[in-house]
Each structure stands twice: as structure tokens, then as C-alpha cells.
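Dear colleague,

I am passing on the structure below, and my notes on it follow. Please read them alongside the model.

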Amino acid sequence: EYFSVAPINKKLTLQYNMNSADVKSAQVMLDGLGYKPGRKDGYFDAGTKNAVKKFQASAKLGTTGIIDAKTAEALELALIKIIQDPANDNQRNKGIEEIRKEIKATTSKK
């Protein structure tokens, strides 16, 4: 899900009790990074605020629980690192697994 998430609008500040597509994107990013906001429907609840605080602490940002431009940028950069890690590319890994099966099947017939 986080492979296709939309970027967060950096001109907005996202905070508790808001409901928007940008909040939903942030929740998907947080979840993909392992911070478990508890929901991914665009409503900024207490679980989302806690997940933001945990992310901010690990990213050495001020732990406000508010997604400002710095937090949004840090979220996106952290997510890009995960997306670019070949270990997280399920399609690539499944392809390699299938190729190995084919090679094994071909060499065992000889």
C-alpha cells in the first residue's frame, strides 16, 4: 500500500482531529514504516498522534505529534529508503523465487 501512497502537501499542517487525504497518506506512510497509527482512513486521532510522536522521536525532530513540513518530508524520505530496499520489493523477490524454481527444475532433469 505504501508503494503507491500520495505525497503529503507540505503547505499544510496536519494535526489531531483533522480529516483529509493528506492525513490518510501520512497514516499509510507511518504504517509502512512500522509506527502503527491504528487507522488509515484519513482521520487524525490519538493513535495517529502517538505514531507521529514516535516517528518524530526516532527522526530526532520535535515530538509535537503535529505533521509540519519537516515531519512530512522526513516521513517521505524514510519511506523512500524502505521502498528502494530490494528486500521490500515483493514482486522482485517473487520473480527471483520463480526463476530459482525453474533453474532447479531444469537442472534436476539433466
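With a relative accessible area of 29%, R39 is partly exposed, a class that lies between buried, under 20% relative accessible area, and exposed, over 50% (1.4 Å probe, protein chains only). R39 forms a salt bridge with D41, whose closest N and O atoms are 2.7 Å apart; a salt bridge here is a side-chain nitrogen of Lys or Arg within 4 Å of a carboxyl oxygen of Asp or Glu. D41 is itself partly exposed, at 43%. R39 also forms a salt bridge with D45, where the closest N and O atoms are 3.5 Å apart, and D45, at 17% relative accessibility, counts as buried. By this rule the count comes to 9 salt bridges.

Before going further, please note that this is a predicted model, in which local features need pLDDT of at least 70 and side-chain atom pairs count only at pLDDT 80 or more, while totals for chains, interfaces and linings use all residues. Residues are numbered from 1 along each chain as its sequence is written, and side-chain values use heavy atoms, with hydrogens and water left out.

The pLDDT, which is the predictor's confidence in each residue from 0 to 100, averages 89 over the protein chain, and 92% of the residues score at least 70. Confidence is highest in α2, at a mean of 97, and lowest in helix α4 (residues 90-109), at 78; helices are DSSP runs (H or I, at least four residues) numbered from the N terminus.

Within helix α4, E98 and K101 lie 3 residues apart, about one turn of the helix, and their side chains meet in a salt bridge (3.6 Å, N to O). Both are partly exposed, E98 at 34% and K101 at 44%, and salt bridges link these two with K94 and E97 in a network.

Turning to the interior, the largest nonpolar core (a set of buried Ala, Val, Leu, Ile, Met, Phe, Trp, Tyr and Cys residues joined through side-chain atoms within 4.5 Å) has 16 residues, of which I8, L14, L30, F44, F55, I67 and L75 touch the most other members. Helices α1 (21-32), α2 (46-58) and α3 each supply at least two residues of this core.

Leaving aside neighbours within four places in sequence, L14 is in contact (heavy atoms within 4.5 Å) with I8, S20, D22, V23, F44, I66 and I67. T71, placed in helix α3 (residues 69-84), counts as buried at 2% relative accessibility, and its contacts, with the same neighbours-in-sequence exclusion, are V52, F55, Q56, L61 and I66.

With best regards
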